[in-house]
Amino acid sequence: MARDGEIERIMETVIKPTKNGITTNLILYGDSGTGKTVTMRYLAREIRDPQVVYVNAIAYRYVKNVLIDFLSKFGIIVPERSSYASLFTRIEGLLRNQGKNVILVIDEAANILKGDYDGLYYLFRSKDSFDVNISTIFVVMEDPAILFDAKIRKSYGIFSEIKFRRYTKGEIYQIVMNRAVQSLTGEGYDEDVLDYIAEVSAEYGSARVGIDILAKAAHIAEYRRSPKISFDDVRAARSMISPFVTESKLASMDYEDLMVLLSICRCLSASRFTDVDCISRNLSVISEQYGKKDINLYDRIKRLENNGIISSSIEGQGRGEGVKKVISIYDIPVSVLTEKIENLLSA
Ligand SMILES: Nc1ncnc2c1ncn2[C@@H]1O[C@H](COP(=O)(O)OP(=O)(O)OP(=O)(O)O)[C@@H](O)[C@H]1O
Ligand SMILES: [Mg+2]
């Protein structure tokens, strides 16, 4: 629903060429909740030739992990330590037996695209080196222009790009309505209330936000023992979501971003706001622990701000001592964030 145009373009750029033996690479990108994952899962389910294989790489840092996962979907279990040569030999054998071409969808691919240059090199050269004919669709939130610099772009070769734009209010309305029909009783909602949910979700352009608000509002109504969701239930639900800090947003950040964000969380655990001095002190402890050096703190803070995860303002220090930047987090308890980041860093 609401993604017919995008599906059509995916058909033209990857699916039809792959069926005809021409392998290509595509980056599909767009903000959180714009339907990237559902669309890919839909294609994996519906398209028979070529075969579309979906892998979620949220916990992976290397192409190798993805290939091992891919093989396991065909019942082929290989050791974690397999070399690229042996992995591609297995894949080549598998594809020969399949009798049709294969598209590998790598969802949540940001960590791999940003970090595993060697693995990507093998993947893109796999046709020449190992006679493996496989197309790849990488799914990420960031614009590829931010993800790769010009040099990397050049060495990776040509990629097609498709952007999933944010949903309009009308589209969110349709999606939320569908969900309500499936999961609520007929008298549980009015069209007016669904329209209001679409309206408050439209600023994020995210179907996930709309569906989340619907579920939470239904819960609140039930708690009030009311048979119907009210406008105020929607407002209460809206105040409960923190769409900026979703798990997938965290998962798409690299190690350095996560370490800086963790430093900020530590500084904020008992204070209202913090500053670069405190962050820098915590960062040196954390980077020791995780073995990374030379992090450009100012750059990273800027990125986190652009991401909407942290907020900053400039405070005067009085008596001509100038100004300094203070940093805060409003949307999510830092205890929750700390736990999530520590899990990701030790994954
Ligand atoms: N066109 C659609 N029709 C019906 N449901 C949709 C549609 N688009 C998204 N949804 C629903 O909205 C939620 C979020 O969609 P999805 O997980 O595909 O977003 P995403 O772009 O992958 O987000 P993220 O970048 O955070 O992973 C899911 O529950 C999904 O089922
Ligand atoms: Mg997704």
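These exercises work through a predicted model of one protein chain.

**Exercise 1. Domain layout**

Task: State which domains the protein chain is divided into, and how far apart the C-alpha centres of domain 2 and domain 3 lie.

Solution:
- Start with the bounds. Domain 1 covers 4-164, domain 2 covers 169-240 and domain 3 covers 253-345.
- Then take the spacing. Between the C-alpha centres of domain 2 and domain 3 there are 34 Å.

**Exercise 2. Cysteine pairing**

Task: Find the disulfide, give its handedness, and decide where Cys265 stands.

Solution:
- Apply the cut-off. A disulfide needs two cysteine sulfur atoms within 2.5 Å.
- Test Cys267 and Cys278. Their sulfur atoms are 2.3 Å apart, and the two form a disulfide.
- Count. The rule yields one disulfide.
- Place the two ends. Cys267 sits in helix H15 (residues 255-268), and Cys278 sits in helix H16 (residues 276-290). The two cysteines are eleven residues apart, and the pair links distant parts of the chain.
- Read the torsion. About the S-S bond of Cys267 and Cys278 it is about -110°, so this disulfide is left-handed.
- Check burial. Cys267 and Cys278 are both buried.
- Turn to Cys265. Its closest cysteine sulfur is in Cys267, at 9.2 Å, and that is too far for a bond.
- Add its accessibility. Cys265 has a relative accessible area of 0%, so this residue is buried.

**Exercise 3. The surroundings of Ile264**

Task: Describe where Ile264 is found, whether it is buried or exposed, and what it is in contact with.

Solution:
- Locate the residue. Ile264 belongs to helix H15.
- Compare with the threshold. Buried means under 20% relative accessible area. Ile264 is at 0%, so it counts as buried.
- List the contacts, leaving aside neighbours within four places in sequence. Ile264 touches Thr274, Ile279, Leu304, Ile310, Ile327 and Ile329.
- Pick one partner, Ile310. Ile264 and Ile310 are 46 residues apart in sequence, yet 8.9 Å apart in space, C-alpha to C-alpha.

**Exercise 4. The annotated binding site**

Task: Take the positions that UniProt gives for "binding site", relate them to a pocket, and characterise Val38 and Arg179.

Solution:
- Read the record. UniProt gives the feature "binding site" at Thr34, Gly35, Lys36, Thr37, Val38, Tyr167 and Arg179.
- Map the set onto the pockets. Thr34, Gly35, Lys36, Thr37, Val38, Tyr167 and Arg179 are in the lining of the second largest pocket.
- Examine Val38. This residue is part of helix H2 (residues 36-46). Its relative accessibility is 59%, so Val38 counts as exposed.
- Examine Arg179. This residue is part of helix H10 (residues 169-183). Its relative accessibility is 38%, so Arg179 counts as partly exposed.
- Finish with contacts, again leaving aside neighbours within four places in sequence. Arg179 touches Leu184, Ile211 and Leu214.

**Exercise 5. A three-stranded sheet**

Task: Work out the strand order of the open sheet of three strands, name its edge strands, and follow the pairing of E7 with E8.

Solution:
- Write the order. The open sheet runs E6-E8-E7, with antiparallel pairing.
- Identify the edges. Strand E6 (274-275) and strand E7 (311-316) are the edge strands, as each pairs on one side only.
- Count the bridges. E7 and strand E8 (residues 323-328) run antiparallel and are joined by six bridges.
- Pin down one residue pair. Glu315 has Lys324 in E8 as its bridge partner.

Methods:
Residues numbered from 1 in each chain as written. Chains lettered and ligands numbered in written order. Predicted model: local features only at pLDDT ≥ 70, side-chain atom pairs only at ≥ 80, totals over all residues. Heavy atoms only, no water. Domains from an automatic or database assignment. Helix = DSSP H or I, 4+ residues; strand = E, 2+ residues; numbered from the N terminus. Buried < 20%, exposed > 50% of the residue type's maximum accessible area, 1.4 Å probe, protein only. Contact = heavy atoms within 4.5 Å. UniProt positions renumbered as here; feature names shortened; annotations may be inferred. 1 Å grid on protein atoms, 1.4 Å probe; cavity = no way out; pocket = protein on both sides within 12 Å on 5 of 7 lines; lining within 4 Å. Pairing = 2+ DSSP bridges.
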